[in-house]
Amino acid sequence: MSAVMMDGKTLAAKIRRDIREKCAAMRRPPSLAVVLVGDDPASAVYVRNKEHDCAECGITCADHRLPASATQQELLALVDRLNRDAAVDGILVQLPLPLHLDAQQVLRAIDPGKDVDAFHPENVGRLLLGQPQYLPCTPSGIMELLRAYDISPAGKRCVVIGRSNIVGKPMAMLLLQADATVTVCHSKTPDLQSHCLQADILVSAVGHAGLITADMVKEGAVVIDVAMNRGQDGKLCGDVDYAAASEKAAYITPVPGGVGPMTRAMLMKNTYLAAQRRRNG
């Protein structure tokens, strides 16, 4: 068996084209404000990628930069100004923030209606209740990938490795709402292999290169690799031993080119939805 590669790059491009058509039909294009504090190189790359996506989708992107020395009060004042700016539809604060800043306080300060990352407690709570305003970008991107390949989680055993607020917890919730039976594993889970071998759909979001080996993959499983690591050779890789796992899985996402492009596409979708909601009152 050789697994079907789930091509997130091509699907994300299709989604961006659809968003571009919808944005072009609006009187005023959606507007995304991106806040970057400090000069972390990886964060700067992420911001550039988001700016490129916005340009492709016809979304106006405003870049707001603060020095690494910025205070909590200065950052909160910027968020407050963006909240009150009627021309801004979505706000994204690029994480991680410098260590002296309280990221949770900043995320709570964002207007939930402009919270296109879906990190605000109100949006997290709405997701838990099955009444989401926006879906968190990485988990919703994974659900879009599953739909594109006609993979229904209903009645399946799904294992999510990782319990972060950004991926693990909301991923488990979306799978549960899609009628899957979900197990969440983490660093304190004993005998991880036995859980993984039960998974019809296995989602790994840990950030540990080589964590998932072939002997942890059930024959015919769907393997979703969320992580983005650097291998010993310096190349990008995920948590999964891709070559070996591909011999047992039915479907598998590559790194790069799988989940990453879908995450960015879902941010564009959320920004469009935020603009649409604000226009419709």
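**A predicted single-chain model, from helix α7 outward**

The buried residues of helix α7 pack against α5 (121-128), α6, β5, β6 and β7 (201-204). The model discussed here is a predicted one, and α7 offers a convenient point of entry. This helix spans residues 168-177 and is mostly covered, since seven of its ten residues are buried. The buried positions in α7 are G168, P170, M171, A172, M173, L174 and L175. After α7 comes D179, and the phi angle of D179 is positive, near 70°.

From this helix the view may be widened to the whole protein chain. Its secondary structure amounts to ten helices and eleven strands. A compact globule of 281 residues would have a radius of gyration near 19 Å, and because the protein chain has 19 Å, the two agree. Along the principal axes, the C-alpha atoms fill a box of roughly 55 × 40 × 35 Å. Of the 281 residues in the protein chain, 48% are buried. Contacts also link distant parts of the sequence: when pairs at least 6 residues apart are considered, 71% of the contacts join residues at least 24 apart.

The surface and the charges complete this overall description. The protein chain has an accessible surface of about 13200 Å², and carbon and sulfur atoms account for 53% of that area. The chain carries 31 positive and 30 negative charges, and the mean positions of the two sets are 5 Å apart.

Strand β4 is the next element to consider. In a regular strand, side chains alternate between the two faces of the sheet. In β4, G90 and L92 point one way while I91 and V93 point the other way, and all of these residues are buried. Strand β2, comprising residues 31-37, runs parallel to β4 and is joined to β4 by four bridges. In one of the pairings, L32 has G90 of β4 as its bridge partner.

L32 also leads to the helix α10, in which T271 lies. Is T271 buried or exposed? The relative accessible area of T271 is 0%, which means that this residue is buried. Apart from its neighbours within four places in sequence, T271 is in contact with P30, S31, L32, I59 and V116. L32 thus appears both as a contact of T271 and as the bridge partner of G90.

The backbone geometry of several loops also merits attention. Where are the cis peptide bonds described here? One runs from L95 to P96, with omega near 5°, and P96 is found in the loop between β4 (90-93) and α4 (103-109). Another cis peptide bond joins V255 and P256, with omega about 0°. P256 belongs to the loop between β11 (251-252) and α10 (259-279), the helix that contains T271.

Positive phi angles are found at aspartate residues in other loops. D150 is not a glycine, yet its phi is positive, at about 55°. This residue is placed in the loop between α6 (137-148) and β5 (157-161). D150 counts as exposed because its relative accessibility is 73%, above the 50% cut-off for that class. D191, likewise not a glycine, has a positive phi of about 50° and lies in the loop between β6 (181-185) and α8 (192-196). The elements α6, β5 and β6, which border these loops, are among those against which the buried residues of α7 pack.

Conventions. Residues numbered from 1 in each chain as written. Predicted model: local features only at pLDDT ≥ 70, side-chain atom pairs only at ≥ 80, totals over all residues. Heavy atoms only, no water. Helix = DSSP H or I, 4+ residues; strand = E, 2+ residues; numbered from the N terminus. Rg over C-alpha atoms; globule rule 2.2 N^0.38 Å. Buried < 20%, exposed > 50% of the residue type's maximum accessible area, 1.4 Å probe, protein only. Contact = heavy atoms within 4.5 Å. Areas by Shrake-Rupley, 256 points an atom, 1.4 Å probe, with all protein chains shown as cover. Lys, Arg positive; Asp, Glu negative; His and termini not counted. Charge placed at Lys NZ, Arg CZ, Asp CG, Glu CD. Pairing = 2+ DSSP bridges.
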